[in-house]
Amino acid sequence: MYNILRCLFGRWSLVRRVGKGRFSYAGPYHGGHASYVYLETPSGRVYDGPFSFSGGSMTARTLFFNSPYDDGIIKFGGRYSRGRKTGRWKYQRRGRGYSRRLMVDYVDGIPEGTACYIGRGNTYGIGPRSRMVMLTLSMAGGKPVGPISGRFGDCPFSGQCDADGYPDGMWVYGSTSRKRTSVDYEHWEHGKLLESYTLDFSTGHRSEKAPSMLAMVKDIICEECMPLVNSVRRNAAVWDGDIKVKEA
(Lines give C-alpha, C1' and ligand atoms only; values in the text may rest on other atoms or scores of the structure.)
Protein backbone atom coordinates (compact mmCIF):
# COMPACT_ATOMS: atom_id res chain seq x y z
CA MET A 1 0.00 0.00 0.00
CA TYR A 2 2.78 2.42 0.91
CA ASN A 3 4.60 1.84 -2.40
CA ILE A 4 1.39 2.43 -4.37
CA LEU A 5 0.73 5.74 -2.62
CA ARG A 6 4.35 6.74 -3.08
CA CYS A 7 4.13 6.13 -6.82
CA LEU A 8 0.86 8.06 -7.11
CA PHE A 9 1.82 11.11 -5.06
CA GLY A 10 5.62 11.07 -5.03
CA ARG A 11 7.20 13.49 -2.59
CA TRP A 12 3.77 14.97 -1.77
CA SER A 13 2.36 11.65 -0.60
CA LEU A 14 -0.14 11.82 2.26
CA VAL A 15 1.56 8.76 3.75
CA ARG A 16 5.22 8.64 4.76
CA ARG A 17 7.32 5.91 6.32
CA VAL A 18 8.66 6.92 9.75
CA GLY A 19 10.12 3.60 10.89
CA LYS A 20 9.92 -0.13 10.46
CA GLY A 21 6.24 -0.90 9.98
CA ARG A 22 5.33 2.66 11.07
CA PHE A 23 3.86 5.38 8.89
CA SER A 24 2.52 8.89 9.27
CA TYR A 25 -0.55 10.33 7.59
CA ALA A 26 -1.40 14.01 7.14
CA GLY A 27 -4.37 15.05 5.04
CA PRO A 28 -8.17 14.99 4.67
CA TYR A 29 -10.02 13.11 7.40
CA HIS A 30 -13.83 12.96 7.86
CA GLY A 31 -14.33 16.35 6.25
CA GLY A 32 -11.50 18.00 8.17
CA HIS A 33 -7.75 17.54 8.41
CA ALA A 34 -5.83 15.06 10.57
CA SER A 35 -2.27 13.96 11.15
CA TYR A 36 -1.32 10.78 12.96
CA VAL A 37 1.19 7.93 13.21
CA TYR A 38 0.09 4.34 12.76
CA LEU A 39 1.23 0.74 12.46
CA GLU A 40 0.29 -1.16 9.31
CA THR A 41 -1.14 -4.57 10.30
CA PRO A 42 -3.02 -7.30 8.40
CA SER A 43 -6.25 -6.14 10.06
CA GLY A 44 -5.71 -2.48 9.19
CA ARG A 45 -4.16 0.62 10.70
CA VAL A 46 -3.43 0.74 14.42
CA TYR A 47 -2.87 4.28 15.68
CA ASP A 48 0.41 4.51 17.60
CA GLY A 49 1.70 8.00 18.30
CA PRO A 50 0.45 11.59 18.23
CA PHE A 51 -2.98 12.31 16.73
CA SER A 52 -4.52 15.69 15.89
CA PHE A 53 -7.65 16.78 14.05
CA SER A 54 -9.25 20.06 13.03
CA GLY A 55 -12.42 20.54 11.04
CA GLY A 56 -15.11 23.00 10.10
CA SER A 57 -18.83 23.30 10.63
CA MET A 58 -19.82 20.52 8.22
CA THR A 59 -17.56 18.11 10.10
CA ALA A 60 -19.05 19.14 13.43
CA ARG A 61 -22.61 18.65 12.19
CA THR A 62 -21.81 15.33 10.54
CA LEU A 63 -20.05 13.88 13.57
CA PHE A 64 -22.44 15.06 16.23
CA PHE A 65 -25.72 16.90 16.15
CA ASN A 66 -26.95 17.86 12.66
CA SER A 67 -27.86 21.18 14.26
CA PRO A 68 -28.84 23.98 11.85
CA TYR A 69 -27.56 26.48 14.43
CA ASP A 70 -24.05 25.08 14.61
CA ASP A 71 -21.19 26.73 12.75
CA GLY A 72 -18.53 25.28 15.04
CA ILE A 73 -14.87 24.52 14.47
CA ILE A 74 -13.63 21.45 16.31
CA LYS A 75 -10.06 20.55 17.24
CA PHE A 76 -8.76 17.70 19.33
CA GLY A 77 -5.54 15.85 19.87
CA GLY A 78 -3.57 13.50 22.05
CA ARG A 79 -1.57 10.33 21.78
CA TYR A 80 -2.28 6.69 21.00
CA SER A 81 -0.31 3.70 22.24
CA ARG A 82 -0.97 0.56 20.22
CA GLY A 83 -4.45 1.76 19.30
CA ARG A 84 -5.48 3.06 22.72
CA LYS A 85 -5.69 6.62 23.96
CA THR A 86 -2.99 7.42 26.49
CA GLY A 87 -1.96 10.48 28.46
CA ARG A 88 -3.76 13.80 28.23
CA TRP A 89 -6.20 14.50 25.39
CA LYS A 90 -7.55 17.97 24.69
CA TYR A 91 -10.77 18.77 22.83
CA GLN A 92 -11.94 22.18 21.71
CA ARG A 93 -14.98 23.42 19.87
CA ARG A 94 -15.86 27.00 18.96
CA GLY A 95 -18.87 28.37 17.19
CA ARG A 96 -21.30 31.24 16.97
CA GLY A 97 -21.70 32.48 20.54
CA TYR A 98 -20.05 29.57 22.34
CA SER A 99 -16.82 27.73 23.11
CA ARG A 100 -16.21 24.30 24.66
CA ARG A 101 -12.93 23.01 26.12
CA LEU A 102 -12.41 19.54 27.55
CA MET A 103 -9.31 17.81 28.93
CA VAL A 104 -9.29 14.09 29.77
CA ASP A 105 -6.49 11.86 31.08
CA TYR A 106 -6.33 8.27 29.77
CA VAL A 107 -4.54 5.06 30.71
CA ASP A 108 -4.75 2.19 28.22
CA GLY A 109 -7.76 3.76 26.48
CA ILE A 110 -9.77 4.30 29.68
CA PRO A 111 -10.40 7.66 31.43
CA GLU A 112 -8.10 7.66 34.46
CA GLY A 113 -7.12 10.80 36.34
CA THR A 114 -8.68 14.21 35.74
CA ALA A 115 -11.46 15.30 33.41
CA CYS A 116 -11.94 19.06 33.24
CA TYR A 117 -14.57 20.92 31.18
CA ILE A 118 -15.18 24.63 30.59
CA GLY A 119 -18.09 25.85 28.48
CA ARG A 120 -18.82 29.48 27.68
CA GLY A 121 -21.70 31.05 25.81
CA ASN A 122 -24.95 29.62 24.54
CA THR A 123 -25.75 26.04 23.56
CA TYR A 124 -25.10 25.72 19.83
CA GLY A 125 -26.72 29.04 18.94
CA ILE A 126 -29.56 28.86 21.47
CA GLY A 127 -29.67 30.81 24.75
CA PRO A 128 -27.65 33.60 26.40
CA ARG A 129 -24.02 34.12 25.43
CA SER A 130 -23.13 34.95 29.04
CA ARG A 131 -23.71 31.35 30.18
CA MET A 132 -20.69 29.63 31.76
CA VAL A 133 -20.21 26.05 32.98
CA MET A 134 -17.19 24.52 34.71
CA LEU A 135 -16.94 20.87 35.75
CA THR A 136 -14.02 18.83 37.13
CA LEU A 137 -14.19 15.09 37.83
CA SER A 138 -11.73 12.55 39.20
CA MET A 139 -11.87 9.40 37.05
CA ALA A 140 -10.74 5.85 37.85
CA GLY A 141 -11.38 2.76 35.76
CA GLY A 142 -13.53 4.75 33.33
CA LYS A 143 -15.98 6.08 35.92
CA PRO A 144 -16.13 9.09 38.26
CA VAL A 145 -14.52 8.29 41.62
CA GLY A 146 -13.83 10.90 44.28
CA PRO A 147 -14.59 14.64 44.23
CA ILE A 148 -16.71 16.41 41.62
CA SER A 149 -16.76 20.19 41.55
CA GLY A 150 -17.78 22.96 39.23
CA ARG A 151 -19.70 26.11 38.61
CA PHE A 152 -22.99 26.60 36.79
CA GLY A 153 -23.36 30.28 36.02
CA ASP A 154 -22.61 32.17 39.23
CA CYS A 155 -23.37 29.18 41.51
CA PRO A 156 -20.62 26.81 42.73
CA PHE A 157 -21.24 23.09 42.99
CA SER A 158 -19.52 20.23 44.85
CA GLY A 159 -20.13 16.52 45.34
CA GLN A 160 -18.38 13.17 45.22
CA CYS A 161 -18.71 9.56 44.09
CA ASP A 162 -17.63 6.43 45.95
CA ALA A 163 -15.11 3.83 44.73
CA ASP A 164 -17.82 2.15 42.62
CA GLY A 165 -18.85 5.37 40.86
CA TYR A 166 -22.07 5.96 42.83
CA PRO A 167 -22.93 9.43 44.23
CA ASP A 168 -22.02 9.58 47.91
CA GLY A 169 -21.98 12.04 50.78
CA MET A 170 -23.34 15.58 50.68
CA TRP A 171 -23.79 17.33 47.34
CA VAL A 172 -24.07 21.12 47.54
CA TYR A 173 -25.25 23.65 44.96
CA GLY A 174 -25.10 27.40 45.50
CA SER A 175 -23.59 29.75 48.06
CA THR A 176 -24.84 32.67 50.11
CA SER A 177 -24.29 36.23 48.93
CA ARG A 178 -26.08 39.58 48.91
CA LYS A 179 -28.23 38.33 46.04
CA ARG A 180 -28.71 34.70 47.11
CA THR A 181 -29.56 33.39 50.57
CA SER A 182 -30.53 29.77 49.83
CA VAL A 183 -28.38 26.68 49.16
CA ASP A 184 -29.48 23.29 47.82
CA TYR A 185 -28.35 20.03 49.45
CA GLU A 186 -28.61 16.38 48.43
CA HIS A 187 -27.44 13.67 50.80
CA TRP A 188 -26.37 10.42 49.09
CA GLU A 189 -25.19 7.12 50.53
CA HIS A 190 -23.48 4.87 47.98
CA GLY A 191 -25.98 5.60 45.22
CA LYS A 192 -29.10 5.95 47.39
CA LEU A 193 -30.66 9.37 47.93
CA LEU A 194 -31.36 9.95 51.64
CA GLU A 195 -32.67 13.52 51.51
CA SER A 196 -32.90 16.55 49.24
CA TYR A 197 -33.68 20.02 50.55
CA THR A 198 -33.11 23.77 50.26
CA LEU A 199 -31.90 25.80 53.25
CA ASP A 200 -32.70 29.52 53.36
CA PHE A 201 -30.02 31.17 55.49
CA SER A 202 -32.01 34.41 55.83
CA THR A 203 -34.78 32.68 57.79
CA GLY A 204 -33.32 29.29 58.69
CA HIS A 205 -36.24 27.67 56.88
CA ARG A 206 -35.62 24.24 55.35
CA SER A 207 -37.87 22.96 52.58
CA GLU A 208 -37.85 19.59 50.84
CA LYS A 209 -37.21 19.60 47.10
CA ALA A 210 -36.95 17.18 44.20
CA PRO A 211 -33.35 16.09 43.51
CA SER A 212 -31.80 17.95 40.57
CA MET A 213 -28.02 18.23 41.03
CA LEU A 214 -27.12 14.79 39.69
CA ALA A 215 -29.38 15.30 36.66
CA MET A 216 -27.76 18.68 36.01
CA VAL A 217 -24.25 17.18 36.10
CA LYS A 218 -25.27 14.28 33.85
CA ASP A 219 -26.84 16.68 31.33
CA ILE A 220 -23.59 18.65 31.06
CA ILE A 221 -21.55 15.46 30.66
CA CYS A 222 -23.85 13.80 28.12
CA GLU A 223 -24.81 16.86 26.06
CA GLU A 224 -21.58 18.86 26.06
CA CYS A 225 -18.64 16.64 27.09
CA MET A 226 -19.41 13.25 25.53
CA PRO A 227 -19.87 14.54 21.95
CA LEU A 228 -16.31 15.87 22.16
CA VAL A 229 -14.91 12.65 23.65
CA ASN A 230 -16.73 10.51 21.09
CA SER A 231 -15.37 12.51 18.17
CA VAL A 232 -12.71 9.83 17.66
CA ARG A 233 -13.80 6.38 18.84
CA ARG A 234 -11.24 4.24 17.07
CA ASN A 235 -10.05 1.44 19.38
CA ALA A 236 -11.09 3.45 22.45
CA ALA A 237 -13.26 2.53 25.41
CA VAL A 238 -16.05 5.12 25.55
CA TRP A 239 -17.78 6.06 28.82
CA ASP A 240 -21.48 6.71 28.24
CA GLY A 241 -21.41 9.65 30.66
CA ASP A 242 -23.89 8.11 33.08
CA ILE A 243 -23.56 8.30 36.88
CA LYS A 244 -25.63 5.42 38.16
CA VAL A 245 -27.82 5.37 41.26
CA LYS A 246 -29.51 2.64 43.29
CA GLU A 247 -33.21 2.20 43.90
CA ALA A 248 -34.36 3.63 47.21
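**Exercise 1. The nonpolar core**

In this predicted model, find which residues of the largest nonpolar core touch the most other members, and which helix gives the most to this core.

*Solution.* Begin with the core itself, which holds 42 residues, and among these F51 and W171 touch the most other members. Then turn to the secondary structure, where helix α3, running over residues 213-229, gives the most to this core, with 9 residues. As background, nonpolar side chains in soluble globular proteins tend to be buried together.

**Exercise 2. An aromatic pair**

Decide whether the pair of Y25 and Y36 is stacked, edge-to-face or tilted, and where in the chain its two members lie.

*Solution.* The count of aromatic pairs comes to 21. For Y25 and Y36, the ring centres are 5.4 Å apart and the planes make an angle of 35°. Because planes under 30 degrees apart count as stacked and those over 60 as edge-to-face, the pair counts as tilted. The next step is to place the two residues: Y25 is in strand β2 (residues 22-29) and Y36 is in strand β3 (residues 32-41), so that the pair links distant parts of the chain, 11 residues apart. As for accessibility, Y25 is buried at a relative accessible area of 11%, and Y36 is likewise buried, at 6%. Finally, both residues belong to one aromatic cluster, whose members include F51 and W89.

**Exercise 3. Charges over rings**

Identify which lysine lies over the face of W89 and which one has its charged end over the ring of Y166.

*Solution.* Over the face of W89 lies K85, at 4.9 Å from the ring centre. Over the ring of Y166 sits the charged end of K246, 4.8 Å from the centre of that ring.

**Exercise 4. Salt bridges between distant parts**

For the salt bridges of D48 with R22 and of R100 with E224, work out which elements are tied together and whether the partners are buried or partly exposed.

*Solution.* The count of salt bridges comes to 7. In the bridge between D48 and R22, the closest N and O atoms are 2.5 Å apart. Since D48 belongs to strand β4 (residues 44-55) and R22 to strand β2, this bridge ties together parts that are 26 residues apart in sequence. D48 is buried at 12% relative accessible area, whereas R22 is partly exposed at 25%. In the second bridge, R100 and E224 have their closest N and O atoms 3.4 Å apart. Here R100 lies in strand β7 and E224 in helix α3, so parts 124 residues apart in sequence are tied together, and both partners, R100 and E224, are buried.

Note on methods: Residues are numbered from 1 along each chain as its sequence is written. This is a predicted model: local features need pLDDT of at least 70, side-chain atom pairs count only at pLDDT 80 or more; totals for chains, interfaces and linings use all residues. Side-chain values use heavy atoms; hydrogens and water are left out. Rings of Phe, Tyr and Trp (its six-membered ring) pair if their centres lie within 6.5 Å; planes under 30 degrees apart count as stacked, over 60 as edge-to-face and the rest as tilted. Helices (H or I, at least four residues) and strands (E, at least two) are DSSP runs, numbered from the N terminus. Buried means under 20% relative accessible area, exposed over 50%, partly exposed in between (1.4 Å probe, protein chains only). A charge sits over a ring if NZ of Lys or CZ of Arg is within 6 Å of the ring centre and within 35 degrees of the ring normal. A nonpolar core is a set of buried Ala, Val, Leu, Ile, Met, Phe, Trp, Tyr and Cys residues joined through side-chain atoms within 4.5 Å. A salt bridge is a side-chain nitrogen of Lys or Arg within 4 Å of a carboxyl oxygen of Asp or Glu.
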